[in-house]
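Please look through the sequence and the model below before reading on. The paragraphs that follow move from single residues outward to the chain as a whole.

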Amino acid sequence: MKTATVIIVGGGPAGATCARELARHGTDVLILDKAEFPRTKLCAGWITPRVLADLELAPADYPHRLLTYRRIVFYIKGVPVPVPTHQYSIRRFEFDDFLLKRAGVPVDRHRVKKIRRAGSKYIIDDAYQCTYLVGAGGTHCPVYKSLFSEIHPRDPGRCIATAEKEFAWQWQDPQCRLWFFDRGLPGYAWYVPKQNGYLNVGIGGKLSSLKKRGETINTHWRRFAGKLARKGLTETRGLAPKGHIYYLRGRSDAVCRENAFILGDAAGLATRDMGEGIGPAIESARLAARAIITGNPYSAQSVTQWSTPQILAGRFTTRKS
Ligand SMILES: Cc1cc2nc3c(=O)[nH]c(=O)nc-3n(C[C@H](O)[C@H](O)[C@H](O)COP(=O)(O)OP(=O)(O)OC[C@H]3O[C@@H](n4cnc5c(N)ncnc54)[C@H](O)[C@@H]3O)c2cc1C
């Protein structure tokens, strides 16, 4: 049986950040991820300056695509509201692989299925054992399912259904655009250009509201794709999107149980207004790592809950990239 002091399930931004913090402190860490990196992660790839600050990463030191937005155009029921700000876009395919390699810890490709407690240890699939277990496996994290689903039940009212497409596209319009509540969508749609000819377009909305109206996210995708094509922003007509669900921040702060911890999407920490999850994943990862190192309690209470203040504050940021 393979043994490590800390095993982290999931090597996304939450898992990679937690691993890096622990490894820097000399802790013996192993990451298990079902995917071979670089891997595709459905995500628009918008990040705030705080994300880079928390990662201690200067924009100039990031070796892949990083596009800076000096403003975001919000459309509220069709009315454009340009908001000066300072935000970035990355491609998750590149960003997550970069963070995982930068963590500098061993990674085993392994799909975690069964977790059990044996004395002071956690046993994973009868193949791995550890003293501390970190669940950073996203929405369907097996650590959440095995150890936290009863003490941290997810609120179906905060479940977000999404559909998106990222593809190589020589966009002409470099602005980030967000359409809120367009044609009854209980959420928003986005157009997020990436540096050097990539584009991400997608929509997200509250699953419970869609169900109440007898709609699916695909109903809205078809309308959105038509709109983009009419505006000459893309030719998404005919392009099939992919879907994923995740949870916005709920009320529960049950993110630690004995020596087990949940972070990022496993703990349902995406912001309540914009569904921003990368920042909260990284913030919670740093807090959990600190708790393991110091033995102090881990709580996600201080993790960012709203994105809008950060977007508005971004207009005063003078950072250049
Ligand atoms: C369509 C869409 C658009 C989004 N856009 C944005 C955005 O623009 N900005 C933003 O900040 N947030 C956005 N989010 C949210 C953001 O993507 C997530 O909050 C973020 O990825 C959470 O990071 P994480 O590390 O917790 O989980 P993940 O990034 O999901 O990583 C989890 C890892 O766990 C692994 N894993 C899962 N199950 C197992 C298993 N059984 N065994 C082993 N490994 C496993 C997976 O392979 C994966 O690598 C978006 C989400 C969606 C769905």
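## From a buried alanine outward

A285 counts as buried because 29 C-beta neighbours lie inside 10 Å of it, and this alanine is found in helix α7. The structure is a predicted model, and the description below should be read in that light. Leaving aside residues up to four places away in sequence, A285 touches A14, T17, C18, A136, L263 and G264. A further residue to set beside A285 is I262, 23 residues away along the chain, with 8.7 Å between the two C-alpha atoms.

The contact list of A285 includes C18, a residue of helix α1. C18 counts as buried because it has 32 C-beta neighbours inside 10 Å. When neighbours within four places in sequence are left aside, C18 is in contact with I8, V134, A136, L263, A285, A288 and A289. Between C18 and V29, which are 11 residues apart in sequence, the C-alpha distance is 9.5 Å.

What does the helix that carries C18 look like as a whole? Of the 12 residues of α1, 10 are buried, so this helix is largely enclosed by the rest of the structure. The buried residues are P13, A14, G15, A16, T17, C18, A19, R20, E21 and L22, and they pack against β1 (2-9), β2, α3 (92-103), β9 (128-135) and α7. The length of α1 also agrees with expectation, because at 1.5 Å a residue its 12 residues should span 16 Å, and its end C-alpha atoms are 16 Å apart. Just after α1, G26 takes a positive phi of about 85°.

L263 appears in the contact lists of both A285 and C18. Not counting residues up to four places away in sequence, L263 touches A14, C18, V134, G135, A136, A281, S284, A285 and A288. A little earlier in the sequence, F261 has its place in strand β16 (residues 260-262), and F261 counts as buried because it has 30 C-beta neighbours inside 10 Å. F261 and V134 are 127 residues apart in sequence, yet their C-alpha atoms are 4.8 Å apart in space. With neighbours within four places in sequence left aside, F261 is in contact with V134, G135, V255, C256, A288 and Y298.

Several of these residues return in the description of the nonpolar core. In soluble globular proteins, nonpolar side chains tend to be buried together. Here the largest nonpolar core has 94 residues, of which I7, C18, V134 and L263 touch the most other members. Helix α7 gives the most to this core, with 8 residues.

The next subject is the ligand. Which residues come nearest to the ligand? Of the 40 residues around it, G10, G12, G138, G264 and G277 come nearest. Two or more residues of this shell are given by each of α1 (13-24), β2 (29-33), β10 (159-168), β14 (242-247) and α7 (278-294). By class, the shell has 18 nonpolar, 15 polar and 7 charged residues.

Some backbone features deserve a separate look. Most residues other than glycine have a negative phi, and most peptide bonds are trans. The peptide bond from F37 to P38, however, is cis, with omega near -5°, and P38 has its place in the loop between β2 and β3 (46-47). In the loop between β8 (121-124) and β9 is D125, whose phi is near 50°, a positive value in a residue other than glycine. D126 is found in the loop between β8 and β9 as well, and D126 has a positive phi of about 55° although it is not a glycine. D125 counts as partly exposed because it has 15 C-beta neighbours inside 10 Å, whereas D126 counts as exposed because it has 9.

Finally, the whole chain can be considered. Its secondary structure comes to 8 helices and 16 strands, and buried residues make up 46% of its 321 residues. Among contacts between residues at least 6 apart in sequence, 71% join residues at least 24 apart. The C-alpha atoms fill a box of roughly 60 × 45 × 35 Å, taken along the principal axes. The radius of gyration of the chain is 20 Å, which agrees with a compact globule, because one of 321 residues would have a radius near 20 Å.

Methods. Residues numbered from 1 in each chain as written. Predicted model: local features only at pLDDT ≥ 70, side-chain atom pairs only at ≥ 80, totals over all residues. Near = placed C-beta within 6 Å. Helix = DSSP H or I, 4+ residues; strand = E, 2+ residues; numbered from the N terminus. Nonpolar A, V, L, I, M, F, W, Y, C, P; charged D, E, K, R; others polar. Rg over C-alpha atoms; globule rule 2.2 N^0.38 Å. Buried ≥ 20, exposed ≤ 12 C-beta atoms within 10 Å, placed from the backbone. Contact = placed C-beta atoms within 7 Å. Core = buried A, V, L, I, M, F, W, Y, C linked by C-beta atoms within 7 Å. Expected span 1.5 Å × (residues − 1).
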